[in-house]
Amino acid sequence: MLVSLREGWSVGNRVVAIVAGLFLAVGLAGTFVRVVVDYQVPGPFDPEHQGLCDFHNGIYFPTRAVLQGESPYSDAYAAKYPVARQIPFFSPVILLMHAPLAVLPLHVGEFLNAILQLFLLASIAILVAREAGAARRLDVVFSIAAAMVFSRGGHITLFNGYFTYQLVLATFLSLVWADRHPVRAAWALLVVSAKPTYILPLGFLMLARGNVRCLVLGAVFSILGAVVPLAWIAHHEGDGDLAAGVSMLKQQIVDTQAVHRSMDDESPVCSWTRLDLFAIIAKWRGGDPGDLPHILAMAGLLVIPMLVLFRRWRADCDDGISGVTGGLLLTAMLVSLYHQSYDSLLLIAPVAGICLSRLPEWKSLSVWSRVLLFGLMAFPAINYLSTRTFLLRFELPETVVRVFTSLNGISLAMALVSLCFIAWPRKTQETAK
């Protein structure tokens with residue numbers, strides 16, 4: 001029974017709201033206690049103390065460096081600042097967005113970033129509930145937020161202080177606003193452009209979806225958002241000689257990518273956290289072919305999802321981020337190019353859509369089909385067999401480790417194949433246009 005609140009909000013199922021709210025509170029409290037207990041003092045990486053390590057290494061100190069005109073991609077930066085290593089190449093636009101936090105004392109910045117993370121968590125839950133057909137339902141919003149906090153991706157984002165919530169919310173908003181508000185969607189794409197592994201597959205998939213105007217605007221915003229701070233860095237790196245600074249910056253980016261790829265959790269052969277299909281194949285082949293094969297694999301893996309999305313666009317049966325369209329598009333993003341376990345948060349939208357089954361296409365599927373898709377898409381979020389804690393605790397045979405660390409990618413690849421079939425527009429959908 002619905003219990004109405006002010007401004008159109010309702011409790012929905014009171015028992016679910018109370019239980020989900022309690023789980024959410026416990027999850028948040030436990031995570032922040034763990035941050036305090038396992039807090040990382042800025043400096044070399046310590047696997048036993050990772051609390052807020054990504055905030056320190058990936059946001060706070062790199063942003064302070066950029067504001068001083070120093071390159072966060074350089075060896076000199078890594079030697080000067082208390083960080084584990086220089087940052088991998090992602091657009092400095094995300095650093096400038098966090099500049100208000102970086103100019104503050106470290107602990108103040110950490111506290112305000114935690115508040116920001118809670119705001120983003122609530123925003124994602126509210127948006128997903130609305131797109132799944134349960135707008136302004138507190139029980140649904142609490143359930144979605146609690147599920148995120150207890151997922152691997154949601155917990156590690158809060159614990160390490162990374163900017164995954166920003167990327168997830170921006171990805172969702174770019175898809176929701178693409179047709180109705182292309183300028184707003186373009187600003188969201190500016191945030192998404194912070195990570196090439198997000199913007200590349202998303203751009204191709206949105207193109208197939210017919211979102212041309214927002215993509216063009218987003219490309220302009222993203223290029224300007226990257227070029228201006230990079231020029232600022234290059235100017236300082238070259239001591240006023242922009243051309244020399246650009247040359248130095250290019251080499252730094254090449255070097256930092258090499259450092260990044262050499263880390264066990266990044267390498268497709270050694271990683272226990274990668275979700276993309278390319279990493280699973282590389283793991284079993286025993287070798288990393290390099291960047292170009294990654295891109296070619298992405299192109300090949302996106303062909304069929306793009307065709308299906310194009311057909312859905314032409315048939316006018318796009319049902320949004322929490323529908324079959326969202327399931328196909330977001331799963332294709334994860335399968336086609338480099339993604340880590342925390343990126344599985346992208347699937348919270350279609351998983352919530354399946355659970356609620358209020359959207360017509362989810363309703364039309366059999367219960368067993370929905371259960372299967374739910375399991376395949378939700379599995380990476382709860383697969384604790386592929387965590388550092390589990391793998392280091394037990395001496396497992398190499399083949400068993402490969403299996404456990406491949407399950408996430410395999411489950412998502414199976415989900416993608418299933419969704420390509422389910423999402424293909426039927427004649428009834430095409431004639432209903």
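Buried means under 20% relative accessible area, exposed over 50%, and partly exposed in between, with a 1.4 Å probe and protein chains only. The model is predicted: local features need pLDDT of at least 70, side-chain atom pairs count only at pLDDT 80 or more, and totals for chains, interfaces and linings use all residues. Residues are numbered from 1 along each chain as its sequence is written, and side-chain values use heavy atoms, with hydrogens and water left out.

**Exercise 1. Cysteines**

Task: Find how many disulfides there are, and state whether C53 is buried or exposed.

Solution:
- Start with the criterion: a disulfide is a pair of cysteine sulfur atoms within 2.5 Å.
- Check C53. Its nearest cysteine sulfur belongs to C270, 20 Å away, and C53 is in no disulfide.
- Check C214. The nearest cysteine sulfur is that of C317, 19 Å away, and C214 is in no disulfide.
- The count is zero disulfides.
- Now accessibility. C53 has 2% relative accessibility, so it counts as buried. C214, at 1%, counts as buried.

**Exercise 2. Helix 7 and helix 17**

Task: Classify the orientation of helix 7 and helix 17 to each other, and describe their contact.

Solution:
- Helices (H or I, at least four residues) are DSSP runs, numbered from the N terminus.
- Axes are lines fitted to C-alpha atoms over the stretch in contact, and angles run from 0 to 180 degrees between N-to-C directions.
- The axes of helix 7 (residues 138-150) and helix 17 (residues 348-356) come within 11 Å and cross at roughly 130 degrees.
- Apply the classes: under 35 degrees is roughly parallel, over 145 roughly antiparallel, 65 to 115 roughly perpendicular, and the rest oblique.
- Helix 7 and helix 17 are therefore oblique to each other.
- Contact means heavy atoms within 4.5 Å. Helix 7 supplies V140, I144, A147 and M148; helix 17 supplies I348, A352 and L356.

**Exercise 3. Helix 15 and helix 16**

Task: Classify the orientation of helix 15 and helix 16 to each other, and name some contact residues.

Solution:
- The axes of helix 15 (residues 291-314) and helix 16 (residues 324-336) come within 9 Å and cross at roughly 175 degrees.
- Helix 15 and helix 16 are therefore roughly antiparallel to each other.
- The contact residues include H294, L301 and R312 of helix 15, and V324, L328 and S336 of helix 16.

**Exercise 4. A146**

Task: Place A146 and list what A146 touches.

Solution:
- A146 is found in helix 7.
- At 8% relative accessibility, A146 counts as buried.
- Leaving out residues up to four places away in sequence, A146 touches A20, F23 and L24.

How values were computed:
Helices (H or I, at least four residues) and strands (E, at least two) are DSSP runs, numbered from the N terminus.
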